[in-house]
Amino acid sequence: MRVYLDNAATTKIAPEVLEAMLPFMREHYGNPSSIHAQGRRAKAAIERARKIVAQHLNASIGEIFFTSGGTESNNMAIKCAIRDLGVTRIISSPIEHHCILHTLEDLPQNIEVEMVKILEDGKVDYEDLENRLKSGTDKTLVSLMYANNEIGVLLDLKRVSDLCAEHSAYFHTDSVQTMGHFPMDVKSFPVHFMSGSAHKFHGPKGVGFIYINQDSQIKSFLQGGAQERNMRAGTENIYGIIGLAKAFEMAIEEMDQRRTHIQEIRSNLAKGLLENFENIRFNTDWEGESLYTVLNVSFPPSEHADLLLLNLDIAGISASGGSACSSGSEKGSHVIEALQGKTDRKNIRFSFSHYNTAEEIDFLLEALKKIVTPKNSEVTQ
Ligand code: PLP
C-alpha cells in the first residue's frame, strides 16, 4: 500500500482533467497565435479557460493571465510592481514560500524590504503591519500569503486589504495553497495581485495564473511575442491551461464535499495521534481556522523521531518535513525555525486531498506505532 499525504507539495491529476487535456495534445495542436482554423480553435479554448477562472474569482477576463505556475506569478507581481508601479518598499514575512523570499533577497539595493512580525502561532501581527504601513513615505507593496503551505495558518485577507487601501499600498497575496480550496471573490476585498497554480488543485504541473487588478497597470514580465494580451510572452501551454480550468471548475463545484471529507480525515489523524502517542503538539490550528488540507505535527525528540520521514517512506507513506523543496529530505523548515527557533522536535507535514481515505489514516497510525514509541508501551524500540 502506498499512502500519499503530501498534497501541499503537489496533487494527483484528476482523471477528468487528463481527459480534457488529451485532445489538445493529440488533435488540437494548433498554435493559438496562428490565424488559421486550428490556431483559432486553440485560441478560443484558452479564452474559454480564462472565462472559467475569471468567473470563479468574480474577476473580469481581462484580469487573468496564464503563467507557468505559482513561482512565476509571484515573481511577476513583485518584480513588475517595482519596475512599473514605482514600488520602492516591500513588506512581507519570514514564513513566505521560497519563491517570494529568494525574490526579495535578490532585489536591487534601493528597494527596502521589511519583514512583518509573526506571532508564535504563525499569524501576522496586524498592529505591527499597520505601524509599518503608517511609517515611511515609500510606495509600498505588501506581499503576504493567504495560507502558509507548511503549517496552514491563514491570513485575514480583508483586514490586510483594508489596511493596504487605507495606506495606499499595493497588496499581493500568494494564494497558491488556497486556490480551489476556499471561495475567492476579488470584489469582496481589494487585492492587486493574486497567484494560483494548477498542480495544487488536481491540475497539471507547470501552469498557473496571476490575477492582476485592472487598476494596476504593469507590463509583461517575459519579453517576446504578444501572447496573453502582451502580458506574458511565449507560446501558451494550451493543454496545461485547459487542464487548469477543468481542475479549477471541479474544485469549485466539489469544494464543500471535498472540504467536509478532508476535515474529517485530518481530525481523525489529529485525534489518533493524541490518543496513541505522548507529547504530541500541532503546528496547525486544526480545531480552529486553518488551511484544512494541512496538519503539521510536532513529535518529541527521540532517536526514532530523527529519521521519521525516511521510516514513513519505507513504510509506504509519503509526507514531508516542510515545503516541497525539502520534501522527502530531513532538512529543517525555515517556517518552523522562524516561529520556534532551532528545535530538536521533529515536525512533519501531512497534507490531504479528497482522494485520501479513513483506511489510509489508520494505516499511517499503525505504521507510526512501529516507528515511534506509542503510549503505555513497555517495548523500547
Ligand atoms: N507558493 C506557495 C505557497 C506554494 O506552496 C508553492 C508550491 O510549492 C508555490 C508558491 C510555487 O508554486 P509552483 O510550484 O506552481 O511554482
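Tutor: Start with accessibility: buried means under 20% relative accessible area, exposed means over 50%, and partly exposed is in between (1.4 Å probe, protein chains only). The model is predicted, so local features need pLDDT of at least 70, side-chain atom pairs count only at pLDDT 80 or more, and totals for chains, interfaces and linings use all residues. Residues are numbered from 1 along each chain as its sequence is written, and side-chain values use heavy atoms, with hydrogens and water left out.

Student: Why is Lys158 called partly exposed?

Tutor: Lys158 has 41% relative accessibility. That value falls between the two cut-offs, so Lys158 is partly exposed. Asp162 has 34%, so Asp162 is partly exposed too.

Student: What makes the contact of Lys158 and Asp162 a salt bridge?

Tutor: A salt bridge needs a side-chain nitrogen of Lys or Arg within 4 Å of a carboxyl oxygen of Asp or Glu. Between the side chains of Lys158 and Asp162, N to O, the distance is 3.0 Å. That is within the limit, so the pair counts.

Student: Why are Lys158 and Asp162 separated by about one helical turn?

Tutor: Because they are four residues apart in helix α6, residues 157-166. Helices (H or I, at least four residues) and strands (E, at least two) are DSSP runs, numbered from the N terminus.

Student: How many salt bridges does the structure hold?

Tutor: It holds 16. One of them joins the side chains of Arg2 and Asp313, at 2.6 Å from N to O. This pair links distant parts of the chain, 311 residues apart. Arg2 is in the segment before β1 (3-4), and Asp313 is in helix α11 (residues 308-314).

Student: How do you know that Arg2 and Asp313 are partly exposed?

Tutor: Arg2 is at 45%, and Asp313 is at 40%. Both values lie between the cut-offs, so both residues count as partly exposed.

Student: What sets Lys342 and Glu337 apart in exposure?

Tutor: Lys342 is at 74%, over the upper cut-off, so Lys342 is exposed. Glu337 is at 40%, so Glu337 is partly exposed. Their closest N and O atoms are 3.4 Å apart, and the two form a salt bridge. Elsewhere, salt bridges that share partners join Arg89, Glu114, Asp128 and Arg132 into one network.

Student: Is Glu253 buried or exposed?

Tutor: Glu253 has a relative accessible area of 58%, so Glu253 is exposed. Glu253 is found in helix α8, residues 238-253. C-alpha to C-alpha, Glu253 is 9.9 Å from His56 in space, though the two are 197 residues apart in sequence.

Student: Which residues come nearest the ligand?

Tutor: Thr71, Asp174, Gln177, Ser197 and Lys200, of the 14 residues around it. A residue is near if one of its heavy atoms lies within 4 Å.

Student: What makes the meeting of Thr71 and the ligand a polar contact?

Tutor: A polar contact is a pair of N or O atoms within 3.5 Å; within protein, one must be able to donate a hydrogen and the other to accept it, and residues adjacent in sequence count only if both atoms are side-chain atoms. An N or O atom in the side chain of Thr71 is 2.6 Å from an oxygen atom of the ligand, so the pair qualifies. A polar side-chain atom of Lys200 lies 2.7 Å from a ligand oxygen. A polar backbone atom of Gly70 is 2.8 Å from a ligand oxygen.
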